[in-house]
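Biologist: Before we talk about interfaces and cores, could you show me the model and then take my questions one at a time?

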Amino acid sequence: MIIPYAHGQSWLQRIDPLSKLVLILCIAILATRFQTSTEQAGLLLFSMVTARFAAGITWGGQWKALSFLIVFVVPLFIITVFTAPGTTQLLEIGKLSITMEGMDMAGSVSLRMFTLFLTSYVYIKTTDPQDLVSSLTQVLRIPYRFAFGISMALTFLPLLQEEGRSISAAHHIRGGRQGRGLRGRWSWWTTLTSAVLYNSIRRVQQTAAAMESKGFGAYPDRTYLRPLMPVQKGRILAILGILITSGLLWFTYNVNL
Amino acid sequence: MLQGVINLDGLSYTYEGDSKPIIKDITLSIPNGQWAAIIGPGGSGKSTLCQLLNGYLPRSGGGHREGIVSIEAIDPAYASIADIAERVGVVFQDADAQLVQGNVEADVAFGPENLRVPPADIARRISASLAAVGLTSHRYARVRELSGGQRQRAATAAVLALEPRLFVFDDCAASLDGAAQVQFVQVCASLHEQGRTVINTSGRFDDVARAAERVIVLQGGAVVLDGPPQELLRKHAEQLVLLGLLPTPEGAAATSAQHIAATSAQHIADASSPDTGVFDTTKHPTDVSSPDKGASYITNPFTTVDLPSKEGATALLQLHKLSYTYPGGQQVLREVSFTLQPGDWGILVGENGSGKSTLSRLLMGLIRVPRHSIFWGGKDIAGLSVADLAEDIGYVFQQPEHQFVTHSVWDEVTYGYRSRRHRHTALTAQEVASAEQMLEAAGLLGRRHDSPYLLSQGEKRILSVVCQFVIPKKLVILDEPTSGIDYAAAERILALCRERVKHGTALLMITHDPNLVARDTSFVLQLHHGELQ
């Protein structure tokens, strides 16, 4: 699953990339700090409501993005349920037992994964790679070659995904069909992956040559057509985010414990 | 006043892994401010020369160069990136590889930003460049929303915005429609008037070459002719025909416009009355009476089983009021209707972005087909998979590279056979013979072990066609199969097409070269802003 930037005018799309990055870091810190399922559920709910109303991502769109994680989260949940220490026993299956604490811990780690994924998803969906490059280079003074590496990855990965689809279609058009059984599928995927890899390397070489021929890397700095996004609203939001996060952290350390 | 010259002295170049040089001992000088066209058949070294001029070869692309390349007294292979970018702007054939930012404005701004041009000046350059290539209305468009021709124009605008002293256009007019080609010649003329050096390459003695001051003809990596275009046309026309740079006299004679207009009207009319004649057995006129015309380039490669002949056959394909809007809301097709019979050879023409490729992709099921709008043998194809449609329909991609699925020419041409059985099962003697005959007809037998990606553009195109013709299909859709290739290679492709049509295959060909195929076609469909004219 590759997430492209979605053009639009949602509220979060009008916030500068660095302020949004601060907000994501705040949520990530809280997600790491919170230990109970209830706290994690609250954080996830907050992230989902933000994604819906500030980023304009529909509930269906969020479910589609998060469902991708289920294959990873379910095994993690099961392992944690049976391995986390606890005293309040709920169920015993042979030598394995499920405790209230284990359930809580498993719920917490699973919800944490959803939260971290969703916030990253919202960030990529609402941040134009060009604005990110401008902010990294002009505000944080990161060398533009490095910043463009991030931007190119964000721009390029969806293109590669398209290339993969195109190659898959080419196989079908040429009469190729996915074989049955494990061996057939393995054969199909190795052929497809090899073609995609080959094309990706070719595309990367061509793109590098095209960038160089247009003077990329010619000078230590460059100019930017697009002005930096206004940062006032973003800064207020980022400061608010930091204050709320600090307050919640203080609360969990001093009151919760 | 601009100073300096381009000097090539004893220039030879050999690709890594190759034993023979592709550029052989070229010595020539191009004064600053000259407009020169370098033309030659596929594989003559034109693109290689362009890459040597901007230093990509051998610096990044490897290989071995001998001799001198000097541009304004610098050697591009060893000069700094800034020195090259300020002197030389190259537009390569593959537009997709040159558009690196994802949207038109950002891509055009990319070069000037790298060269530290002030933002106000960049904005001016963007407006001027996009206006020059007729893409102003697409300034804020995403690159992937553009058609192939529009992408090529965006790539050209991106280099125009660099404002270098030397422009190299590597066959970048090939995928442009007629109006855009005229505009491109005007752009080159304007740059020439400004005193900039302009070099165009092409596989044909086209309008750009005719308008240039000087034409340099390459063959086999060496210069064989050099002079003003009118002089070359007057004194060396026969040689230019033999090289495939001019059409043969018989190839230049096109079928009358009246014939095309009459048959086109018939096909559109058939599709407009679905209640009575959707799949009627009306025989549609098809000109297959001259299969040998232009066959001097090939031998008959077909030993395959014939498909049902046209006599008494039912309609293969019918489109009934097909409209299509992309998920982003961009409507590209409006109520398109026509029918196609077995053995028909229809051509689809229209300006860049008129919806031709979208239509062909819909026919192949590559994008979701609206219900009750496309019928194959009487069945609605909505919901059918590409693999199901591929049993009967072949598809030649606009970009040959998108079609390649293996790592050698031989594997490509035999992929269709191997995909029908276990991949490790050996080919039958008949299949091997048939594939070899096909490659021989395509002029690619000697390159059977090479990677398809290392072929010249013309060779890639002909390989992409051959791969679809190896196994007979009822319909083959070809998306600009003759674009950017010399007349000899184009004639090879057309001869292969004629043979297929003779054996009952229907063809639907998207082209910006209607005159090349006019004498063969059953009908012409013209799309304008998504509507059939």
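Biologist: How much area do chain A and chain B bury between them?

Modeller: This is a predicted model, in which local features need pLDDT (the predictor's confidence in each residue, from 0 to 100) of at least 70 and side-chain atom pairs count only at pLDDT 80 or more, while totals for chains, interfaces and linings use all residues. Residues are numbered from 1 along each chain as its sequence is written, chains are lettered from A in the order in which they are written, and side-chain values use heavy atoms, leaving out hydrogens and water. With buried area taken as the accessible area (1.4 Å probe) that two parts lose on being put together, summed over both, 53% of the area between chain A and chain B lies on carbon and sulfur atoms, and the total is about 4800 Å².

Biologist: Which residues of chain A lose the most area to chain B?

Modeller: In terms of contact (heavy atoms within 4.5 Å), 51 residues of chain A meet 62 residues of chain B. Together accounting for 20% of what the chain A side buries, the residues that lose the most area are Ile173(A), Arg174(A) and Lys214(A).

Biologist: Which residue of chain A forms a salt bridge with Glu113(B)?

Modeller: A salt bridge here is a side-chain nitrogen of Lys or Arg within 4 Å of a carboxyl oxygen of Asp or Glu, and the count between chain A and chain B is four. For Glu113(B), the closest N and O atoms of the pair are 3.0 Å apart, and the partner is Arg222(A).

Biologist: How many salt bridges cross the interface of domain 1 and domain 2 of chain A?

Modeller: The domain assignment, whose bounds come from an automatic or database source, gives domain 1 as 12-133 + 230-256 and domain 2 as 144-213 in chain A. These two domains bury about 420 Å² between them, with 89% of it on carbon and sulfur atoms. Across the interface of domain 1 of chain A and domain 2 of chain A, the number of salt bridges that the rule finds is zero.

Biologist: Is Val91(B) buried or exposed?

Modeller: Val91(B) is found in strand β5 (residues 88-91) of chain B, strands being DSSP runs of E with at least two residues, numbered from the N terminus. Beyond four places in sequence, Val91(B) touches residues including Val159(B), Val168(B) and Phe169(B). Buried means under 20% relative accessible area, exposed over 50% and partly exposed in between (1.4 Å probe, protein chains only). Because its relative accessibility is 0%, Val91(B) counts as buried.

Notes
Helix = DSSP H or I, 4+ residues; strand = E, 2+ residues; numbered from the N terminus.
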